[in-house]
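I opened this notebook to record what I looked up in the structure, entry by entry.

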Amino acid sequence: MVKKKFSERCYSLLKKVPKGRVTTYKALAEGMGCRAYQAVGSAMNKNPYAPKVPCHRVVNSNGSVGGFAYGVKKKIEILKTEGVCVENGKIINFEKILYEF
DNA sequence: CGGTTGACCAAGT
DNA sequence: GACTTGGCCAACC
């Protein structure tokens with residue numbers, strides 16, 4: 001076992017992110033020892049674990065929310081519910097709530 | 001197995 | 001600050 005797909009690893013790592021925090025595609029990829037930023041995004045796009053994985057806690061490295069399968073607007077709403085401040089599609093206190101592995 | 005795509009990133013113009 | 005180019009890796013055709 002252990003032989004999980006790349007995406008599966010992304011989800012597992014992502015589940016490690018506590019509420020009220022966000023992470024970046026870059027942090028996720030590098031956190032698992034890869035540089036597949038794009039691959040992480042692609043995995044989220046398919047998002048087979050939609051409600052099981054907090055994909056809404058993943059944002060771009062520049063602090064922008066990036067995208068979301070359910071709609072960026074929805075993503076922001078969820079983040080606000082989690083206690084994250086979002087303004088104009090950007091994360092406030094991005095570096096303060098950024099969770100790295 | 002080669003080419004395209006993607007919720008990306010960094011640097012250059 | 002906005003757009004372009006190159007690079008990166010996995011998934012799909």
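Before naming any element, I note that helices (H or I, at least four residues) and strands (E, at least two) are DSSP runs, numbered from the N terminus. I also keep in mind throughout that this is a predicted model.

**Entry: Thr24**

I began with Thr24, which lies in strand E1, residues 23–24. Its relative accessibility is 5%, so I count Thr24 as buried, the limit being under 20%. I then looked up the separation of Thr24 from Phe6, and found 16 Å between their C-alpha atoms, with the two residues 18 apart along the chain.

**Entry: DNA strand B**

Which residues come nearest to DNA strand B? I found 17 residues around this strand, and those that come nearest are Tyr25, Gln38, Asn45, Ser61 and Gly67. Of the strand B atoms within 4 Å of the protein, 47% belong to sugar or phosphate, and the rest belong to bases.

I went through the individual polar distances next. The side chain of Tyr25 has an N or O atom 2.7 Å from a base nitrogen of DNA strand B, whereas for Met44 it is a polar backbone atom that lies 3.0 Å from a base nitrogen of the strand. Ser61 is paired with the phosphate instead, an N or O atom of its side chain being 2.4 Å from a phosphate oxygen of DNA strand B. Helix H2 (25–31) and helix H3 (37–46) are the elements that give two or more residues to the surface near this strand. The largest share comes from H3, with 7 residues. Sorted by class, I list 7 nonpolar, 8 polar and 2 charged residues on the surface near DNA strand B.

**Entry: DNA strand C**

Around DNA strand C I found Lys5, Phe6, Ser7, Arg35, Ala36, Gln38, Ala39 and Lys46. Sugar and phosphate make up 95% of the atoms of this strand that come within 4 Å of the protein. Helix H1 (6–15) and H3 are the elements that give two or more residues to the surface near DNA strand C, and H3 gives the most, with 3 residues. I noted one polar distance here, of 2.3 Å, from an N or O atom in the side chain of Lys46 to a sugar or linking oxygen of DNA strand C. By class, the surface near this strand has 3 nonpolar, 2 polar and 3 charged residues.

**Entry: the two sides of H3**

Which residues of H3 are buried? I found Val40, Ala43 and Met44. Looking down the axis of H3, I see that these buried residues fall within an arc of 100 degrees, and they therefore line one face of the helix. On the face turned away from that buried side, H3 carries the exposed residues Gln38, Asn45 and Lys46. I set this beside the earlier entries, since Gln38 and Asn45 are among the residues that come nearest to DNA strand B, while Gln38 and Lys46 are among those around DNA strand C.

**Entry: the largest pocket**

Rolling a probe the size of a water molecule over the atoms shows where empty space is left. I read off about 180 Å³ of space for the largest pocket. Its lining has 13 residues, and Met44, Asn45, Gly67, Phe68 and Ala69 lie nearest the pocket centre. H3 gives the most to this lining, with 3 residues. The lining residues divide into 6 nonpolar, 6 polar and 1 charged.

**Entry: two positive phi values**

I looked up Asn88 and Asn93 for their backbone angles. Phi of Asn88 is near 55 degrees, which is a positive value in a residue other than glycine. Asn88 sits in the loop between strand E3 (86–87) and strand E4 (90–91), and it is exposed, with a relative accessible area of 70%. Asn93, also not a glycine, has a positive phi of about 60 degrees. The loop that holds Asn93 runs between E4 and helix H5 (94–97), and Asn93 is partly exposed, at a relative accessible area of 43%.

**Entry: Glu82**

Is Glu82 buried or exposed? I found Glu82 in helix H4, residues 72–82, and with a relative accessible area of 17% it is buried. The side chains of Glu82 and Arg57 are joined by a polar contact of 2.5 Å.

Technical notes. Residues are numbered from 1 along each chain as its sequence is written. Chains are lettered from A and ligands numbered from 1 in the order in which they are written. This is a predicted model: local features need pLDDT of at least 70, side-chain atom pairs count only at pLDDT 80 or more; totals for chains, interfaces and linings use all residues. Side-chain values use heavy atoms; hydrogens and water are left out. A residue is near a molecule or strand if one of its heavy atoms lies within 4 Å of it. A polar contact is a pair of N or O atoms within 3.5 Å; within protein, one must be able to donate a hydrogen and the other to accept it, and residues adjacent in sequence count only if both atoms are side-chain atoms. Ala, Val, Leu, Ile, Met, Phe, Trp, Tyr, Cys and Pro count as nonpolar, Asp, Glu, Lys and Arg as charged, and the others, Gly among them, as polar. On a 1 Å grid over the protein atoms alone, a cavity is a set of points where a 1.4 Å probe fits but cannot get out, and a pocket is an open set with protein on both sides within 12 Å along at least five of seven lines; lining residues have an atom within 4 Å of a point. Grid points are joined across faces, edges and corners, and a volume is the space filled by probe spheres set on the points. Buried means under 20% relative accessible area, exposed over 50%, partly exposed in between (1.4 Å probe, protein chains only). The arc is that of the directions from the helix axis to the C-beta atoms.
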